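Here are some exercises to work through with the structure open beside you. Try each task before you read its solution.

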Amino acid sequence: MAVITNNDFLYNVFGGFTHFTWQSAVMILIGCILIYLGAAKDYEPLLLVPIGFGCILANLPLTELIHVPRDGYVFNHSIQEALGEAGLMPFVEGARVVNEGILDVLYNAGIANELFPCLLFIGIGAMTDFGPLLQNPRVMLLGGAGQFGIFLTLMLALAIGYEKLEAICIAIIGACDGPTSIFITSMFNPALLGPISVAAYSYMSLVPLIQPPVMKLCTTKKEREFIMSYEMLTPVTQRTKILFPIVVTIVTLLIAPSGGALMGTLMFGNFLRECGAVGRLVQAAENEIANITTLFLGLTVGATMTGEVFLTAKTLGIFALGFIAICGDTAFGVFGAKLMNLFSKQKINPLIGASGISAFPMSARVAQKVGNEANPQNYLLMHAMGVNTSGQIGSVLTASVMIAIIGALQTMGVDLTI
Amino acid sequence: MANVNAPMAGKLISVDVKVGDTVKKNDPVATLEAMKMQIKVFAPADGKVAEIKAEAGANIDPSVVIMTLE
């Protein structure tokens, strides 16, 4: 018979305290900071508050709320229990048999299979008015230029020594698009979900602080003062707005079929909005579905931020590279607009090029603000909105193309884990 | 005589001057809300507010004259 000492008893009864490590303390502090930034400072509160709380929950010892996406666990379902009793469990040597925590359930239901980001995209599509883009379709090119930061970061990450799939997940932060970042990371490297999504959402909320200095650095005062008239915008018919999501879906998915989940859901949401026949569904998509998904997505993503994954040099690198990605996107967007001016009779203010990222509508507001500071008679908002919405399409399309290329390379037997 | 038109489509939140006020070029004269952003409308020239033609709360676009300056 085992001897139970007073020490063992106290160790188990006060397990929450005795298993508390310095990593738990640091991560709980990070969770509190995220909640503070969201709730008190209004930085992306809808995401940062649940992410922060999820982070606190996951780092309290012995709560057993979440085990995935880490390796070394086998869930104790009834069939596995039977196998266990027969001495056949666990299949993986050294793996612990655990009960599935509630956050494991959410993770497997919506993150591991990329469902949550896609549901969110239906809501985003339903909320987005592509009218300003359709009124001046040539600015769609700027939505493409704004994605170059992704490729710059990809090369930097590879040069620094990140694995190929890790580098792709980090580079996608440059899309400035939370759901797309989560989608790509959960597909290719779920272990980095916490740091990448926190970096993506933090930088999205910091767009009004990060972009203006880069925009000013890349333009002269004269360029910023350039007034864009609203006469250059041609009105669009409702029929065009209805056809747009259908045409974009068909064309982009013929180019990159593997992006079907992202582009398909984004454009489906937009079609619901524009067709005018399903008001209740639009309301559900932009309110109930988007809100519930955001809540579960944030909580679960936050819960993946455990100390052992988050408190590494890799995380610091991800934050640094994410910052470079967004600065790069802004600069490339501005220079893309300048390049466009070289070949076009109808000039544009290069500031609107900076809105070719997916942070909507923050980035367009930044262009309006910086332009208006340079010249109070300058109202760039609607022009920048067109670029901003094309940035949304651009980031999804870039992600889709990346998925297609990775899929093709994997099919050819290329090892991307090095 | 100068017209102050709405710079873009949106909702006129407030007219921030009164008839008879003297304004200088680039002084804020009204507030517009577009895409959930409040935007100041600035006077295009020096002058005196002669007439206010639009009411707060109205949906306006660039064809709408908010006020005239003389």
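**Exercise 1. The two domains of chain A**

How far apart do the C-alpha centres of domain 1 of chain A and domain 2 of chain A lie? Work that out, then describe the contact between the two domains.

*Solution.* Keep in mind that you're looking at a predicted model.

Step 1: set the bounds. Domain 1 of chain A covers 6-102, and domain 2 covers 108-411.

Step 2: take the centres. The C-alpha centres of the two domains are 32 Å apart.

Step 3: list the contacts. With heavy atoms within 4.5 Å as the cut-off, 25 residues of domain 1 of chain A touch 25 residues of domain 2 of chain A.

Step 4: get the area. Between them, domain 1 and domain 2 of chain A bury about 2000 Å², and carbon and sulfur atoms give 77% of that.

Step 5: see which helices do the touching. On the domain 1 side, α3 (22-39) and α4 (45-59) of chain A each bring at least two residues. The largest share is from α4(A), with 11 residues.

Step 6: sort that side by class. The side of domain 1 of chain A that touches domain 2 has 19 nonpolar, three polar and three charged residues.

Step 7: check the polar side of things. Zero salt bridges turn up between domain 1 and domain 2 of chain A, but four residue pairs are in polar contact across this interface (both at pLDDT 80 or more).

**Exercise 2. Where chain A meets chain B**

Which three residues of chain A supply 42% of the area that chain A buries against chain B? Build up the interface and find them.

*Solution.* Step 1: count residues. Chain A puts 11 residues into the contact and chain B puts in 15.

Step 2: compute the area. About 1200 Å² is buried between chain A and chain B, with 72% from carbon and sulfur atoms.

Step 3: rank the contributors. Arg365(A), Gln377(A) and Tyr379(A) give that 42% of chain A's buried area, more than any other three residues.

Step 4: look for charge pairs and polar pairs. The salt-bridge count between chain A and chain B is zero, while three residue pairs are in polar contact across the interface (both at pLDDT 80 or more).

Step 5: place the chain A side on its helices. Both α21 (362-374) and α22 (381-411) of chain A supply at least two residues each to the side that touches chain B.

Step 6: classify. That side of chain A holds seven nonpolar, three polar and one charged residues.

**Exercise 3. A salt bridge inside chain A**

Which parts of the chain does the salt bridge of Asp129(A) and Lys241(A) link? Start from the total count and narrow down.

*Solution.* Step 1: count over all chains, which gives nine salt bridges.

Step 2: recall the idea. Side chains of opposite charge can pair when their charged atoms come close.

Step 3: test one pair. Asp129(A) and Lys241(A) have an N to O distance of 3.3 Å, and the cut-off is 4 Å, so this pair passes.

Step 4: locate the partners. Asp129(A) sits in the loop between α7 (115-127) and α8 (131-135) of chain A, whereas Lys241(A) belongs to helix α16 (residues 238-255) of chain A; the two are 112 residues apart, so to speak linking distant parts of the chain.

**Exercise 4. The sheets of chain B**

What is the strand order in the open sheet of chain B that has β5 and β7 as its edge strands? Trace it pair by pair, then do a second sheet.

*Solution.* Step 1: begin at the β5 edge. Strand β4 (residues 28-34) and strand β5 (residues 37-42) of chain B pair antiparallel over six bridges. Ala34(B) faces Met37(B), and Leu32(B) faces Ile39(B).

Step 2: inspect the turn. β4(B) and β5(B) make a hairpin with two residues between them, and Met35(B) in the turn has a positive phi of about 50°.

Step 3: move on from β4(B). Four bridges tie it antiparallel to β2(B), with Ser14(B) partnered by Thr31(B).

Step 4: finish at β7(B). Strand β2 (residues 10-15) of chain B joins β7(B) antiparallel through two bridges, and Lys11(B) has Asn59(B) as its bridge partner.

Step 5: write the order. This open sheet of four strands reads β5-β4-β2-β7 (chain B), and its edge strands are β5 and β7 (59-60).

Step 6: repeat for the other order, β1-β8-β6-β3 (chain B), again an open sheet of four strands with antiparallel pairing. Its edges are β1 (2-5) and β3 (22-23) of chain B. β1(B) connects to strand β8 (residues 65-69) of chain B by four bridges, and Asn5(B) pairs with Val65(B) there.

Key. Residues numbered from 1 in each chain as written. Chains lettered and ligands numbered in written order. Predicted model: local features only at pLDDT ≥ 70, side-chain atom pairs only at ≥ 80, totals over all residues. Heavy atoms only, no water. Domains from an automatic or database assignment. Buried area = accessible area lost by both parts, 1.4 Å probe. Salt bridge = Lys/Arg side-chain N within 4 Å of Asp/Glu carboxyl O. Polar contact = N/O pair within 3.5 Å; in protein donor to acceptor, adjacent residues only side chain to side chain. Nonpolar A, V, L, I, M, F, W, Y, C, P; charged D, E, K, R; others polar. Pairing = 2+ DSSP bridges.
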